[in-house]
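Biologist: Please show me the model, and then let me ask how its labels were assigned.

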Amino acid sequence: MTDTTTAGYFGYWGKAKKDPEHPGPDYHLLAYHSLDVAAVAAYWWDHSPALRHLFCRNQKLDEEKVRAWLLFFIALHDLGKFDIRFQCKVPQVWLVLNPEDRHERMPTAYDCKEYDHGLAGLYWFDSDYQTDAIDDPFSLGSTHPLESWLPWMEAVCGHHGSVVHTDKLDSHRYRLPVELHSFSLRDRAARSAWIAALETLFLQPAGLTTQNSPPDCSLLLAGFCSISDWLGSWLSDDTFLFQPTAANDESGLMHYFEQRYQNDAAKVIKRSGLTGQVKPNANVEALLDSGHQPRQLQVLVDSLPLTAGLTIVEAPTGSGKTETALAYAWKLVEQNMADSIIFALPTQATANAMLQRIETLAPKLFDNPNLVLAHANSRFNQAFKDIKERGGNGQGENALSQCVKWLSQSKKRVFLGQIGVCTIDQVLVSVLPLRHRFVRGFGAGRSVLIVDEVHAYDRYMYGLLEAVLQDQAKAGSPAILLSATLPQQQKKQLLASYSSTLPTKFSSTAELTPYPQVSWISGLNFRQFDLEDYPQQQPPQFNLYLEPRYSVDAVPDDELLTQLLSAAKQGAQVCLICNLVDVAQKSYQKLKAAAGTIEIQLFHARFSLLDRQVKENLALACFGKEGDRSRGRILVATQVVEQSLDVDFDWVVTQICPVDLLFQRLGRLHRHQRSSRPVGFVKPKATVLLPRAEGYGIIGKIYSHTRVMWRTQQAIEALGEQPLVFPEAYRSWIEPIYCDDVTAPEPDWVSQGMEMFENEDFTKKIKARQMRQWAENISLYDSEVNERAVTRDGSMSIPLIPFVGTVAGRQLLDGHIHEQLGEYQQQETLALNQINVPNSWKGKIKVLPDEYGRYWIEGRLHNGGWRCNSETFQYGVEVGMVYTSPT
């Protein structure tokens with residue numbers, strides 16, 4: 001073996017050729033790969049004022065010194081590759097670099113396969129320098145500030161998916177086996193020499209040495225390093241070509257770094273779409289249609305603080321909250337508070353609808369912006385396909401929204417363009433135990449995070465959202481939350497998530513506070529904005545009449561269904577909103593049987609994605625803002641219309657639900673100004689179905705906050721013939737109904753229901769806390785199955801794949817034979833044919849799920865649809881998936 005005291009870092013490879021037929025060298029030296037990644041980080045840093053602001057905020061060092069430490073540690077991200085077990089993953093390359101080892105005993109194939117060079121780098125750093133003996137030739141010196149280095153090393157060594165604290169490392173896993181100790185001194189000498197070289201390369205020019213302590217480690221470092229590593233590994237015809245020969249001296253390292261910075265890093269940063277140019281003079285007018293002026297809360301945008309904080313916007317549906325949030329986000333990006341904007345929504349349907357709005361607005365904010373849609377089925381969205389195509393063929397130069405190929409290749413990159421539109425799940429991943437969660441966290445942290453319909457989540461998801469807001473605050477990044485119906489107690493919790501010290505001037509009596517309102521908090525600074533000085537911009541008063549109607553279990557009875565048909569005959573556009581898919585299906589079937597020529601539509605979540613898209617488009621074509629109102633129709637729907645669709649009805653009938661969700665449903669009644677409405681429906685009137693007996697039965701399983709349900713019913717009944725007045729009702733109804741005060745008497749069944757709800761709520765809160773704790777120690781594979789399980793408490797739905805067995809293979813609902821498709825086509829076709837059913841159905845399914853958590857149910861073609869062989873499941877394009885209990 002070579003002399004261990006003189007062996008250098010150039011004896012180690014960092015990248016090896018996977019395809020022996022591919023032209024070019026067989027390997028790339030480890031020192032050079034490490035500098036490739038540092039060059040990307042340096043170029044990105046130098047061309048992003050927002051990143052520099054985020055990394056340097058609250059630091060005592062200037063930008064030059066912070067940059068030096070950043071590049072120093074990023075160049076150490078592969079420190080664990082200075083280990084014989086990694087080097088022998090490709091033994092022929094190691095022996096080319098170290099031919100004298102040809103007769104040495106090498107690690108076993110198992111030792112090499114199981115070696116994790118990322119976390120091993122952290123282990124070796126800690127092991128090499130946790131004691132600094134004076135006579136140790138590789139010691140950094142007795143004054144080496146080890147503890148201040150560890151958070152930086154933990155972050156950069158987690159680039160393969162898991163950031164682990166040093167004290168949680170399994171030292172037995174990374175320690176060299178006894179039979180390999182002959183390599184130990186050489187590997188350690190190489191690591192020590194590499195640290196010294198990086199000190200010369202990055203620290204000393206900034207007036208620093210390894211004896212200095214680095215600044216506090218940013219929460220964004222792990223994600224920044226991981227993405228820089230991806231880009232620094234972008235081997236193409238003209239970027240990061242392998243370099244197998246070493247420079248003669250350390251000055252060659254600086255020359256190599258500068259060359260990679262100027263050429264390769266500049267190319268991949270441009271091709272990746274990471275950096276964009278924000279347009280100057282941010283203002284809300286630019287986002288409005290020609291001839292329109294700012295209205296309602298939009299007039300306050302110029303008054304909001306131009307610094308990072310949490311902003312909560314409370315305003316009625318249709319009041320322009322989206323443009324308010326975007327204009328304010330634009331201003332924050334212009335001030336280098338962020339690099340990009342993320343818009344998170346509760347459902348895929350709302351995200352799809354928002355994409356269409358943002359697609360036209362994005363070019364007003366950025367030059368040639370990269371716009372990314374992120375949810376489980378985004379790749380099937382035609383609008384997003386068109387956006388990606390523009391990014392692939394260069395049409396983005398025509399000032400249209402685009403999405404370059406690199407951004408669309410992995411869901412881990414969903415937040416790395418200039419604007420991302422996603423479901424809230426994609427944001428919550430950043431605090432959950434999934435691999436590379438910190439990349440999502442970095443994407444959110446470099447962005448203005450906008451969360452719409454923030455009232456629409458349960459206690460579990462709120463617990464995760466609070467963690468996201470805490471991380472935004474730690475990173476110094478802005479967040480904006482939007483809602484029309486946010487109870488004050490929830491508002492207080494959200495504000496406290498971003499700033500643990502809520503000012504005493506925060507009012508807990510929301511019915512006394514103005515509405516609409518914008519609240520802003522950052523640290524100890526808390527401000528509220530309203531329209532007191534803009535009386536002409538107050539939302540117009542809207543009077544709506546509620547008709548309580550009683551039936552068994554609040555289910556539509558035959559008399560009501562007859563009235564719905566009669567209204568449609570008079571030309572009315574009618575919507576019946578049910579809390580359960582089963583109720584919606586049965587109501588639809590009864591209406592359909594008696595409808596004659598009247599058009600009846602059914603829309604719920606238990607259709608295949610393919611059929612759901614068709615039904616959603618049909619509903620918008622008939623009931624949307626520009627829909628066909630030439631004749632009356634009926635839409636039978638579930639909660640999908642609460643936020644998913646911009647639809648407008650002459651009459652809304654809904655089952656009882658909590659007051660905030662009720663207001664969302666009522667927002668679909670006379671939503672748009674019309675020159676005329678059918679006779680009998682000029683005055684906006686909604687019918688609310690209430691149970692005849694006490695209690696809420698199966699509805700109470702969905703909406704288990706019994707006190708809120710009961711108080712909502714009381715408020716409806718007390719209204720009598722008086723109108724429900726908006727926007728006043730957003731405070732005067734929601735706050736008393738959600739108030740924690742229980743001094744007023746309530747029935748025993750309400751108290752008993754609340755005891756169950758509070759136990760369930762507490763359990764969800766604990767689950768959210770546990771999940772966040774597990775994220776510190778566990779990293780599950782980032783699959784759709786795991787993502788669905790951890791973001792929605794694993795209780796939302798399970799996926800079914802109905803099929804018909806044929807000689808050729810399994811025939812899906814759309815006629816495709818699964819086995820005849822290519823791998824990508826299989827995944828796409830399965831997603832389009834998948835049907836999500838309640839988690840409670842799991843016990844009714846007699847087959848085991850596949851590796852992706854999907855349940856394949858065999859059946860036969862039946863009456864133009866599909867029926868399970870056991871007769872329990874039936875699917876048709878008209879009603880969706882139905883379960884029938886076996887007799």
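Modeller: This is a predicted model, in which local features need pLDDT of at least 70, side-chain atom pairs count only at pLDDT 80 or more, and totals for chains, interfaces and linings use all residues. Residues are numbered from 1 along each chain as its sequence is written, and side-chain values use heavy atoms, with hydrogens and water left out.

Biologist: How many disulfides does a search of the whole structure find?

Modeller: The search finds zero disulfides. A disulfide here is a pair of cysteine sulfur atoms within 2.5 Å.

Biologist: Why is C56 not counted as bonded to C217?

Modeller: The closest cysteine sulfur to that of C56 is in C217, at 13 Å. The limit is 2.5 Å, so the pair is too far for a bond.

Biologist: What about the sulfur of C403?

Modeller: Its closest cysteine sulfur is in C422, also at a listed 13 Å, and therefore too far for a bond.

Biologist: Are C56 and C403 buried or exposed, and how do you know?

Modeller: Buried means under 20% relative accessible area, exposed over 50%, and partly exposed in between, with a 1.4 Å probe and protein chains only. C56 has 14%, so C56 is buried. C403 has 0%, so C403 is buried.

Biologist: What makes a set of residues a nonpolar core?

Modeller: The set must consist of buried Ala, Val, Leu, Ile, Met, Phe, Trp, Tyr and Cys residues joined through side-chain atoms within 4.5 Å. The largest such core in this model has 191 residues, and F72, W194, F202 and I450 have the most contacts inside it. Helix α1, residues 30-46, gives the largest share of this core, 13 residues. Helices (H or I, at least four residues) and strands (E, at least two) are DSSP runs, numbered from the N terminus. Another core, of 88 residues, lies apart from the largest one and includes V583, I634, V641 and W866.

Biologist: Which residues does W194 touch?

Modeller: Contact means heavy atoms within 4.5 Å. Not counting residues up to four places away in sequence, W194 touches Y9, A31, S34, L35, A75, L76, F82 and L253.

Biologist: What makes a space a cavity, and how many of 30 Å³ or more are there?

Modeller: On a 1 Å grid over the protein atoms alone, a cavity is a set of points where a 1.4 Å probe fits but cannot get out. Grid points are joined across faces, edges and corners, and the volume is the space filled by probe spheres set on the points. The structure holds two cavities of 30 Å³ or more. The largest has a volume of about 40 Å³, and the second largest about 30 Å³.

Biologist: Which residues line the largest cavity?

Modeller: Lining residues have an atom within 4 Å of a point. For the largest cavity they are D553, A554, P691, Y696, G697, I698 and I699.

Biologist: How does that lining divide by class?

Modeller: Ala, Val, Leu, Ile, Met, Phe, Trp, Tyr, Cys and Pro count as nonpolar, Asp, Glu, Lys and Arg as charged, and the others, Gly among them, as polar. The lining therefore has five nonpolar, one polar and one charged residues.

Biologist: What lines the second largest cavity?

Modeller: Its lining is E314, A484, T485, L486, Y515, Y730, R731, I734 and E735. The elements that give two or more residues to this lining are α28 (729-732) and α29 (734-738). By class, the lining has five nonpolar, one polar and three charged residues.

Biologist: Where are cis peptide bonds found?

Modeller: One joins Y515 and P516, with omega about 0°. P516 is in the loop between α20 (488-498) and β11 (517-522). Another joins F726 and P727, with omega about 5°, and P727 is in the loop between β19 (724-726) and α28.

Biologist: Why is I798 called buried, while Y534 is called partly exposed?

Modeller: I798 has a relative accessible area of 5%, which is under the cut-off for buried, so the label follows. Y534 has 28%, which falls between the two cut-offs, so Y534 is partly exposed. I798 is in strand β20, residues 798-806. Y534 is in the loop between β12 (525-530) and β13 (542-551). Leaving aside neighbours within four places in sequence, Y534 is in contact with V299 and L300.

How values were computed:
On a 1 Å grid over the protein atoms alone, a cavity is a set of points where a 1.4 Å probe fits but cannot get out, and a pocket is an open set with protein on both sides within 12 Å along at least five of seven lines; lining residues have an atom within 4 Å of a point.
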